Amino acid sequence: EISHETLLQEIDDKTVSFSPNFDGSQQEPNVLPAQLPFLILNGCSGIAVGMATNIPPHNINEIINALIELIKKPDLTDQKLIELVPGPDFPTGGEILLSNGITETYLKGKGSIPMRGITHIEEINPGKGKHRKKGIIITELPYQVNKATWIEKLAELVNNGKIEGIADIRDESDREGMRIVIELRRDINAENIRTLLFQKTNLQNNFSATLLALVHGQPKQLSLKELLKIFLEYRELTVIKRTKNQLLNTVNRLEIVEGLIKAIKNLRLVIELIENSADGITAKQKIIETLELNEKQADGILGMPLRRLTNLETNKLYKESEELTIVKEELESLLNNRNQLLKVIIKEL
């Protein structure tokens, strides 16, 4: 729902330019009128010749708070920005280890972020008369580590004698969540085995982040601040285009409504002009000349159904005219006052 709304909602408001598709049969948008920076929210990876991008996913609340803060204080310090966005938010869980990797990624656009899975040690009771054993339970794996492949590789290490002291590996994951049980032999130090798992398997690994993106068609390595600022520039431009389109539609409708009100005020004259005309084109010309209206307004009058002449419908027209005038003033004020426009962007975020 959120992606549909924030990627496509404004596409009919003349916010983006369109180009012909591969065979010229249809028009397609060059870019979508995104209301959120999905590049950093969803993350992105891609390889080209001599360059690559690998952007980690982030938390929507943290990114939105950072965007709002940047709108309010464009000269926000990098330190304050990193407090608002303390690190990536990997959807598979796990934990990020404290290191310079995050700071380097956010300041220079490139860095290595160490991650590890979430584990705890439990006592396992295998049944009557048997000794209690200890087990390492894994409930979350680092980002992009495949569970089945990881279990397979661990089993291989155990069989090859690279890791000793493991009696059994079981996958007890269910709908409630992930649960990998590594049952240890008796009198084995669980902490030592856990350290070995971090060292020899992907239970601890690094995310090599590169914040590379196309800026005005040119590849550029960006800091977090630059990436967010470029998005905000784009968002402001999109809101201006949207507002201009809404203003144009409002002015057009207001013009027609004013024409209809003028016709109702001179109803007898309009009926007479139509009755004495040979055809629709002549009637239209007479209305334009006599009431000093334009072509659009004359078309509106000639296409007006008779029910519009009732008191209720006439009052509706007056009310619509008042409402459209207020909307027109609000939209003009938005376009002429950047601070007001920025407040709208903050509110929408």
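Me: Two strands pair if DSSP finds at least two bridges between them. With that in mind, in what order do the four strands of the open sheet stand?

Reply: Before the case itself, please note that this is a predicted model. As a general idea, strands of a sheet pair through backbone hydrogen bonds, either parallel or antiparallel. Here the four strands of the open sheet follow the order β7-β8-β10-β9, and their pairing is antiparallel. At the edges stand β7 (118–124) and β9 (166–171), each of which pairs on one side only, and from one strand to the next the twist averages 20 degrees.

Me: Over how many bridges do β7 and β8 pair, and over how many do β8 and β10?

Reply: The antiparallel pairing of β7 with β8 runs over seven bridges, with isoleucine 118 having glutamate 140 in β8 as its bridge partner. Between β8 and β10 the antiparallel pairing covers four bridges, and there glycine 135 stands opposite glutamate 183 in β10. Strand β10 (residues 180–184) also pairs with β9, again in the antiparallel sense, over five bridges; in that case leucine 184 of β10 is the bridge partner of isoleucine 166.

Me: Which strands does α6 lie across, and which does helix α7 lie across?

Reply: It helps to recall that in a regular strand the side chains alternate between the two faces of the sheet. In this model α6 lies across β8, β9 and β10 and runs at about 165 degrees to β9, whereas helix α7 (residues 190–200) lies across β7, β8, β9 and β10, with an angle of about 145 degrees to β7.

Me: How should I read the nonpolar cores, and how many residues has the largest one?

Reply: For this reading, a core is a set of buried nonpolar residues joined through side-chain atoms within 4.5 Å. The largest one has 39 residues, and those with the most contacts inside it are Ile40, Ile63, Leu81, Phe207, Leu224 and Leu228. Helix α3 (residues 60–72) provides the largest share of this core, namely seven residues. Apart from it lies another core of 18 residues, including Ile138, Ile151, Ile180 and Ile182.

Me: If I take single residues, what is leucine 224 in contact with once its neighbours within four places in sequence are left aside, and what does leucine 232 touch?

Reply: Leucine 224 is then in contact with Ile40, Leu81, Val85, Tyr106 and Leu211. Leucine 232, which lies in helix α8 (residues 224–265), touches Leu67, Leu70 and Ile71 when residues up to four places away in sequence are not counted. Its relative accessibility is 11%, so leucine 232 counts as buried. Leucine 232 and leucine 36 are 196 residues apart in sequence, yet their C-alpha atoms are 9.1 Å apart in space.

Me: How many aromatic pairs are there, and which residues do ring pairs link into a cluster?

Reply: The count comes to three aromatic pairs. One of them joins phenylalanine 90 and tyrosine 143 and is stacked, at 4.9 Å centre to centre with 25 degrees between the planes. Phenylalanine 90 lies in the loop between α4 (78–84) and β5 (95–96) and tyrosine 143 in the loop between β8 (133–140) and α6 (147–159), so this pair ties together parts that are 53 residues apart in sequence. Phenylalanine 90 and tyrosine 143 are both buried. Another pair, between phenylalanine 90 and phenylalanine 207, is tilted, at 5.5 Å centre to centre with 45 degrees between the planes. That pair links distant parts of the chain, 117 residues apart, since phenylalanine 207 sits in strand β11 (residues 204–210). Like phenylalanine 90, phenylalanine 207 is buried, and ring pairs link Phe90, Tyr143 and Phe207 into a cluster.

Me: Where does arginine 116 lie?

Reply: Arginine 116 lies over the face of phenylalanine 198, at 3.9 Å from the ring centre.

Me: What is the phi of glutamine 144, and is glutamine 144 buried or exposed?

Reply: In general, most residues other than glycine have a negative phi. Glutamine 144, although not a glycine, has a positive phi of about 70 degrees. It is found in the loop between β8 and α6 and is exposed, with a relative accessible area of 57%. Glutamate 292 likewise has a positive phi, near 55 degrees, and its place is in the loop between α10 (280–291) and α11 (295–302). At 67% relative accessibility, glutamate 292 counts as exposed.

Technical notes
Residues numbered from 1 in each chain as written. Predicted model: local features only at pLDDT ≥ 70, side-chain atom pairs only at ≥ 80, totals over all residues. Heavy atoms only, no water. Buried < 20%, exposed > 50% of the residue type's maximum accessible area, 1.4 Å probe, protein only. Helix = DSSP H or I, 4+ residues; strand = E, 2+ residues; numbered from the N terminus. Contact = heavy atoms within 4.5 Å. Phe/Tyr/Trp six-rings, centres within 6.5 Å; stacked < 30°, edge-to-face > 60°. Lys NZ or Arg CZ within 6 Å of the ring centre and 35° of its normal. Axes fitted to C-alpha atoms, helices over the stretch in contact; angles between N-to-C directions.
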